[in-house]
Amino acid sequence: MDETTTSTGAGASCCTPAPTGPVPVEGPSRIDRRRFLSRTVVSLFGLAATGAFAEVLDEQHSSATTLPEHAKAAAPAATAGTEAKHQWCMVIDLRVCNGCKECTAACQKAHYLHEDQTWIDVVTMRTAAGEDYYMPRPCMMCEDPPCVPVCPVGANFRTAEGLTLVDQSRCVGTRICMNSCPYQARYFNFSDPVPAPRQPFPQEPTWPVPQAKGTVGKCVYCAAMLPSGKVPECVSNCPMGVIYLGDLVSDVAVNGMGQVIKLSQFLSENDAVKFKESYGTHPRVYYIPGHGQNLDTDQ
Amino acid sequence: MSTNSEVDQVVPASAPAPAGVDEHELMGVAMRPVVQTPRWWWPSVGVLSAIVVVGLVAWAVQLADGVGAAGYNNQAFWAIYEANLVAFIGVSYGGAVVSAILRLTNAAWRAPLTRIAEATALVTLPVGMLFIIPHLGSPQKVWELVWPPYWNLSSPILWDFFAVSTYLLATLVFFYLPLIPDLPLARRWLSTEATGRRADACRWLYRVLGGGWQGTPRQKKVLHLSIGLVAIMIIPLAVSVHSVLSFAFSSSSRAGYLETIFPVYFVVAALYSGVALVVLMVAAGRRLFHLEAYIHPRHFVRLGFLLVAFGAAYLYLSFTEYLIDGYSGTTDNASWVRQILVGRYWAPFWFYVVAAGVLPLLVMAIKRTRTKGGVITVSALVVVAMWVKRLVIVIPPATEPLLSSPATPGGNLAGTWGTYHFTWVAISITVAATAAIPLLLLVLFRFVPILPVTEMAELATETAPAEAVAAPAVTSAVLSPAPPGWGAATSLGRYGVAPVGTLPGTSSNGLSGPASEQRKWDR
């Protein structure tokens, strides 16, 4: 960095008229090609280093402000400090899921997805006692999403309202985000997307319909519908009321059957857990553990 | 380069040709691929070009249909192209190692091999880099990778791009620098020995690229210094390239990708497969362009030792990786290792163990097989088996089920493994890239001398005087009689090692070392 300051200093002195006396002989003539090149290289490295360092600092700073609640995971109301009006999350009550996959079907219909693009996937799990149960898996909307830093062109980003989205016009299709996601929540368009009619919103990260060939797509919590007060398709189409859309700021969540819950109370009373917490991703999907106890069927 | 036309007319007063080595005659051998067109040349170029064209057609099909045409799917998102990227960029390290490491260790026997080795590095690297194009889902947006406003500095892929581009530049410089003193020599040779449009074109090319070389002591000093410097720089550069390539995989939470061993593993794999490819290319060049008088069977045995050193290191790293991951009882690691050892990936994995793990060690350990033929056979196996090993590294973790419940280890319900399906598109593109390497080399050696004549002459004069008496001069020159000094130098040593350092404190690359130590090392 010393090199930069000296070279700019020399430039300034040669532009302004010399105040007194003759110009020192070893002024500009001392800058031969070799010296010029070495200074340029040093300055560039210095700039790159400061830039990268500033970015790292910035990242830490921003993650510190947007992650107010992972210290108090079960008390999500403590989101004071973030300016966004909402901090979206989901609650999935496994006690009432019967594995009908209506959520997946509704999602694929709304977003014009191929059959293998299960943005919300219903995974069959088995308890230690050998019982099968079903676990819907949308995007976890991680507070520290591993997919964002790995993208070489910065096509992944996290909004102020806590949604991780993909800019498909930017995505080049390296698929490294599919590698880094521990929840297998990302799906590639390996062929032409399902043709879609004209949409109410233009194709943008909050409403990536139709999908673009050769790019990555994933669950977006139907982000374009949220401002108009609509819940995501999977929430409104779940016949069992398994999936709740929640807002950590107002501490309220609602499911497709119109049941409204106080988020913090519901989570703490029902021992909510997060999926793969050990990966340090701080997911914003809260699971109420269970294996269909609240269903009428004998399971 | 040659701004003054005087240089063209006046034959540069280069350093007097070293006693015993006729640079002019040696250049005649080195220029044979440039001036002569053997009967096999056009048919070979035609067939190889046809294969490349088929690959391009396959790529066009992939462009139209999407990456799915190459057999990819959501549970096999990375497979053959990523393995190719690693394997092709990996083999380019062989040129750097044979040339740079052997230069730095003053191994004089390297001399006749360096040009072929460096050329191999030079052509394999761009071919490997090109695999980023079919790898991308939207190759029309590849420019975003070189567009600074879009750069995301925390991405390993971006750093891959930086590292590989820098390495490409270094490889180019490393090929060009030792070529400089040969160019005026080759131009003079062409003036006396060849006529025609091609010769004129080459003379023009050599004047543009190396017209300024006059062989003055200062030029020589600067050149030797630069070659030494680039040789030192290219080693950490290549290490960084292969390390950063591995970060693209290991910046993940997947069992099988999240491995601390990966950077070392990738570097050693690159060295191993790279030396094997150099052996193959040297063997081909020797056979096709009749360099038997200069490249001896002992050269192959020497390279064979280098090969097994890297092979043994790689076998050891593989062993520790699978042992430790397999030993850990965690569901993801254990099931991944089981898939490789006895599961669906057992065949390619054990093919690697036999062909590139154990066999090279055996072939080099047994005296009867420790021959030119043995080394070439083993190298061919290693190149193929190391490509297969890259598939075994890339594909299983990418097809791994991540959502299996803790109660179903190995995953039979939620945890179904994905499958990558090889398609004709992917295979055609891979075969086309493989064919592009000999094709580019054949074309390259239509324009540059295949032997580093100046370097060979220098090393021969340095080593000749003291040892020439002791050596039974093997001047079994097949085509042109080897210059006596050179013949003596290359015929020495049990493994084709020419002793170096007879002149105390001097060496070819401007680095100096005690002469006695070098001798000890070489014997």
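Biologist: For residues 1-19 of chain B, how many contacts beyond four places in sequence does the model have?
Modeller: This is a predicted model, in which local features need pLDDT of at least 70, side-chain atom pairs count only at pLDDT 80 or more, and totals for chains, interfaces and linings use all residues. Residues are numbered from 1 along each chain as its sequence is written, while chains are lettered from A and ligands numbered from 1 in the order in which they are written. Where pLDDT (the predictor's confidence in each residue, from 0 to 100) is low, the predicted coordinates should not be read in detail. Over residues 1-19 of chain B pLDDT stays under 50, and the contacts there (C-beta atoms, placed from the backbone, within 7 Å) that lie beyond four places in sequence number 31.

Biologist: What share of the residues of chain B scores at least 70?
Modeller: Residues 465-523 of chain B also stay under 50 in pLDDT. Chain B nevertheless averages a pLDDT of 83, and the share of its residues that score at least 70 is 82%.

Biologist: Which helix gives the largest nonpolar core its largest share of residues?
Modeller: A nonpolar core is a set of buried Ala, Val, Leu, Ile, Met, Phe, Trp, Tyr and Cys residues joined through C-beta atoms within 7 Å, and buried means that 20 or more other C-beta atoms, placed from the backbone, lie within 10 Å of a residue's own. The largest such core has 218 residues, and those with the most contacts inside it include B:Val275 and B:Val279. Its largest share, 18 residues, comes from chain B, from a helix (a DSSP run of H or I, at least four residues, numbered from the N terminus) that spans residues 262-288, namely helix 12.

Biologist: Which residues does B:Val275 touch, not counting those up to four places away in sequence?
Modeller: B:Val275 is one of the residues with the most contacts inside the largest nonpolar core. Beyond four places in sequence, B:Val275 touches B:Gly94, B:Val97, B:Val98, B:Leu303, B:Leu306, B:Leu307 and B:Phe310.

Biologist: How many nonpolar residues lie on the side of chain A that touches chain B?
Modeller: The contact takes 39 residues from chain A and 37 residues from chain B, and among the elements of chain A that each supply at least two residues is helix 2 (33-66). Ala, Val, Leu, Ile, Met, Phe, Trp, Tyr, Cys and Pro count as nonpolar, Asp, Glu, Lys and Arg as charged, and the others, Gly among them, as polar. By these classes the side of chain A has 12 polar and 8 charged residues, and its nonpolar residues number 19.

Terms used
Buried ≥ 20, exposed ≤ 12 C-beta atoms within 10 Å, placed from the backbone. Contact = placed C-beta atoms within 7 Å.
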